[in-house]
Amino acid sequence: LLVPVAIGLLAWGAFLLMRRFESNSSAVASRHIAGAAITGTTGLMCIVEATIALVGMGTEVPVVRVVALAIAVFLIFVGNSLPKSQPNHWAGIRVRWTLDDARNWQLTHRFAGIAWILAGVGLGLLALLVSNSPILAIAVLAALVLPNAAAVGYSYWLTLRIARDTRA
């Protein structure tokens, strides 16, 4: 029962430390993603905690399905905030290409936001339709990894395209 509480407290602690040590411009630039991430993480941990408590009280709960649905909502919620962010070193797709070019940041985060939302919708639908826990566990991992990998790849492609266009 203490693991979700500890994760939530660690997330809040990291958020508070980040706010303490970042500049005002960085705080403003990261506020949409950071706010959505901390709110989403808190909500996700509350759902996990409630699920654990229900199972502990003897209630039959499809744990993997509930967690997959909660992660799907988290992905949609945070994905909606990604396009609203500005370049910063604390939150978002922080690779060299996005940090070096504000336009790349903007386009990458618009792409990432759509990818996160689509991953969340797909995961949510799958969680509603499939009761096989191993399949749902793999889908959760895919929904968490693939949108980010695609966003990093897209960002790199943008960098190559911009370099090619400036040489031409």
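## Close-ups of an all-helix model

**View 1. His 109, a histidine tucked fully inside.** His 109 is buried, with a relative accessible area of 0%. This is a predicted model, and in it His 109 is part of helix α5. What does the side chain of His 109 reach at 2.8 Å? Its partner there is the backbone nitrogen of Ile 93. A polar atom of the His 109 side chain also lies 2.8 Å from the backbone oxygen of Trp 105. Setting aside neighbours within four places in sequence, His 109 is in contact with Ile 33, Leu 82, Pro 83, Ser 85, Gly 92 and Ile 93. So Ile 93 turns up twice around this buried histidine, once through its backbone nitrogen and once in the list of contacts.

**View 2. The whole chain, for orientation.** Step back for a moment before the next close-up. The protein has 6 helices and 0 strands, and from the N terminus on the elements simply read α-α-α-α-α-α. Its C-alpha trace spans about 65 × 40 × 20 Å along the principal axes. Of the 168 residues, 35% count as buried. Look at contacts with a separation of 6 or more, and 73% of them come from residues 24 or more positions apart. The accessible surface comes to about 9700 Å², and 71% of that belongs to carbon and sulfur atoms.

**View 3. The largest nonpolar core.** In soluble globular proteins, nonpolar side chains tend to be buried together. Here the largest nonpolar core has 27 residues, and those with the most contacts inside it are Ile 71, Leu 75, Trp 116 and Leu 123. Which elements give two or more residues to this core? They are α2 (24-56), α3 (63-81), α5 (102-129) and α6 (133-167). Helix α3 gives the most, with 7 residues. Zoom in on Leu 123 and, leaving out neighbours within four places in sequence, you find it in contact with Ala 68, Ile 71, Ala 72, Leu 75, Ala 139, Val 140 and Ala 143. Two of the other well-connected core residues, Ile 71 and Leu 75, are therefore on the contact list of Leu 123 as well.

**View 4. Thr 41 on helix α2.** Thr 41 sits in helix α2. Is Thr 41 buried or exposed? At 18% relative accessibility, Thr 41 counts as buried, because the cut-off for that label is under 20%. The Thr 41 side chain reaches the backbone oxygen of Ala 37 at 2.7 Å. Beyond its neighbours within four places in sequence, Thr 41 is in contact with Ala 11 and Phe 74.

**View 5. A stacked aromatic pair between α5 and α6.** A pair of aromatic rings is described by the distance of the centres and the angle of the planes. The count for this protein comes to 3 aromatic pairs. One of them is Phe 111 with Tyr 154, which is stacked, at 4.4 Å centre to centre and with 10° between the planes. Phe 111 lies in helix α5 and Tyr 154 in helix α6, so this pair ties together parts that are 43 residues apart in sequence. Phe 111 counts as partly exposed at 30% relative accessibility, and Tyr 154 counts as partly exposed at 22%.

**View 6. Trp 157 joins the rings.** Which residues form one aromatic cluster? Phe 111, Tyr 154 and Trp 157 do. Trp 157 is found in helix α6, and at 43% relative accessibility it counts as partly exposed. Trp 157 and Asn 104 are 53 residues apart in sequence and 9.9 Å apart in space, C-alpha to C-alpha.

**View 7. Ser 133 and Val 64.** Ser 133 lies in helix α6. At 35% relative accessibility, Ser 133 counts as partly exposed. How many residues apart in sequence are Ser 133 and Val 64? They are 69 apart, yet C-alpha to C-alpha the two are 5.9 Å apart in space.

**View 8. How far to trust the picture.** The mean pLDDT of the protein is 87, and 92% of its residues reach 70 or more. Among the elements, helix α1 (residues 2-21) has the lowest mean pLDDT (77), while α5 has the highest (96). Where pLDDT is low, the predicted coordinates should not be read in detail.

Notes
Residues numbered from 1 in each chain as written. Predicted model: local features only at pLDDT ≥ 70, side-chain atom pairs only at ≥ 80, totals over all residues. Heavy atoms only, no water. Core = buried A, V, L, I, M, F, W, Y, C linked by side-chain atoms within 4.5 Å. Buried < 20%, exposed > 50% of the residue type's maximum accessible area, 1.4 Å probe, protein only. Helix = DSSP H or I, 4+ residues; strand = E, 2+ residues; numbered from the N terminus. Contact = heavy atoms within 4.5 Å. Polar contact = N/O pair within 3.5 Å; in protein donor to acceptor, adjacent residues only side chain to side chain. pLDDT = per-residue confidence, 0-100. Areas by Shrake-Rupley, 256 points an atom, 1.4 Å probe, with all protein chains shown as cover. Phe/Tyr/Trp six-rings, centres within 6.5 Å; stacked < 30°, edge-to-face > 60°.
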